[in-house]
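The following exercises are to be worked with the model in view. Each task is followed by a solution that proceeds step by step.

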Amino acid sequence: MKRKIKSYFAFTSLSYRILVLLPIPVLILLICLGLPFQSGSGNFYYRILLFGYLTVYEIATDYWMLAGCLSDGGSSLKYFRTSHAGTEVVRNVTLVDLLRRFAFCMIFAAAIAVLTGEAAVLADGLAMYCVIVAVLNGSRHLEGFQILMSIAVLSQLAVAAVSICNNMLFWHWAAGGEILTILLLLFYGAAALILSGITIRRITGRVYRRTAALA
């Protein structure tokens, strides 16, 4: 894992790590802690709001990470296509990037769960991660910050829709909510693993094919 983290730090710039990885997430977390969450009810709107903010942040900041890497004219991975070791480096970078996104999603979900006493929020956090990764698998075919920002804003609708569906399931679930929470965690956890695996294979596969063509 140390080698993978070193690859991630080598790929990302110092300004990216300082400006993107710290201030904005901390600001959103402070907003989270400052909202009038109540135990048991009346929190759904605040959850949607915060998850929407985090979704826009995660997708928009990909412009400085792997944006356009799946496009034919993408320049973010051209350097790694000139070396046979590039595939391993890109795999490490992609893995750490996914782990970082997963950690952010679950930290915010856990914070809201603690504030509200609703463990089911953890399922929403996993669902948000799945939406973000799914959107990035499409948005990385495109280039341009304005396009990416538009996709990031629209992706809030997907997060809201999934959260509403989860909320409706709890509303109509006849058995104990703990059982549904576990089922949702298993479902979204499996989806997260599948989407993460697809993401790593697509990006590293593209680099490998380009490298092999140059050989």
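**Exercise 1: The overall fold**

Of the 215 residues in the protein, 46% are buried. The model is a predicted one.

Task. Determine how many helices and strands the protein has, and in what pattern they follow along the sequence.

Solution. Begin with the secondary structure: the protein has eight helices and zero strands. Next, read along the sequence, where the pattern is α-α-α-α-α-α-α-α. Then turn to the contacts with a separation of 6 or more: residues 24 or more positions apart account for 80% of them.

**Exercise 2: Confidence**

Task. State where in the protein confidence is lowest and where it is highest.

Solution. Start from the average pLDDT, which is 84 for the protein, with 86% of the residues scoring at least 70. The lowest confidence is found in helix α3 (residues 23-34), with a mean of 78, and the highest in α6, at 95. Where pLDDT is low, the predicted coordinates should not be read in detail.

**Exercise 3: Two helices checked by length**

Task. Compare the end-to-end distances of α6 and α7 with the spans expected at 1.5 Å a residue.

Solution. Take α6 to begin with: its 19 residues should span 27 Å, and its end C-alpha atoms are 27 Å apart, so the two values agree. This helix is mostly covered, as 16 of its 19 residues are buried. Proceed to helix α7 (residues 145-172): its 28 residues should span 40 Å, and the end C-alpha atoms lie 41 Å apart, which agrees. Buried residues of α7 include Leu148, Ala152, Ser155 and Val159.

**Exercise 4: Two residues and their contacts**

Task. Classify Ile151 and Leu115 by accessibility, and name residues that each one touches.

Solution.

1. Ile151 is placed in helix α7. Its relative accessibility is 23%, and therefore Ile151 counts as partly exposed; the cut-off for buried is under 20%.
2. Leaving aside residues up to four places away in sequence, Ile151 touches Val135, Ser139 and Leu142. The C-alpha atoms of Ile151 and Leu136 are separated by 9.4 Å, with their positions 15 residues apart along the chain.
3. Leu115 belongs to helix α5. Because its relative accessibility is 33%, Leu115 counts as partly exposed.
4. With residues up to four places away in sequence again left out, Leu115 touches Cys32, Leu33 and Phe37. Leu115 and Pro36 are 79 residues apart along the chain, and their C-alpha atoms are separated by 9.3 Å.

**Exercise 5: A pocket and a cavity**

Task. Describe the second largest pocket and the largest cavity by volume, and give the character of each lining.

Solution.

1. The second largest pocket holds about 190 Å³ of space. The elements giving two or more residues to its lining are α5 (86-116), α6 (121-139) and α8 (177-214). The largest share, five residues, comes from α8.
2. Among the lining residues of this pocket are Leu95, Phe102, Tyr129, Gly189 and Ile200. By type, the lining has nine nonpolar residues, two polar and no charged.
3. The count of cavities of 30 Å³ or more is one. The largest cavity contains about 30 Å³ of space.
4. The lining of the largest cavity consists of Tyr63, Ala67, Ser139, Leu142, Glu143, Gly144, Ile147 and Leu148. These divide into five nonpolar, two polar and one charged.

Definitions and conventions:
Residues numbered from 1 in each chain as written. Predicted model: local features only at pLDDT ≥ 70, side-chain atom pairs only at ≥ 80, totals over all residues. Heavy atoms only, no water. 1 Å grid on protein atoms, 1.4 Å probe; cavity = no way out; pocket = protein on both sides within 12 Å on 5 of 7 lines; lining within 4 Å. Points joined across faces, edges and corners; volume = space filled by probe spheres on them. Helix = DSSP H or I, 4+ residues; strand = E, 2+ residues; numbered from the N terminus. Nonpolar A, V, L, I, M, F, W, Y, C, P; charged D, E, K, R; others polar. Buried < 20%, exposed > 50% of the residue type's maximum accessible area, 1.4 Å probe, protein only. Contact = heavy atoms within 4.5 Å. Expected span 1.5 Å × (residues − 1). pLDDT = per-residue confidence, 0-100.
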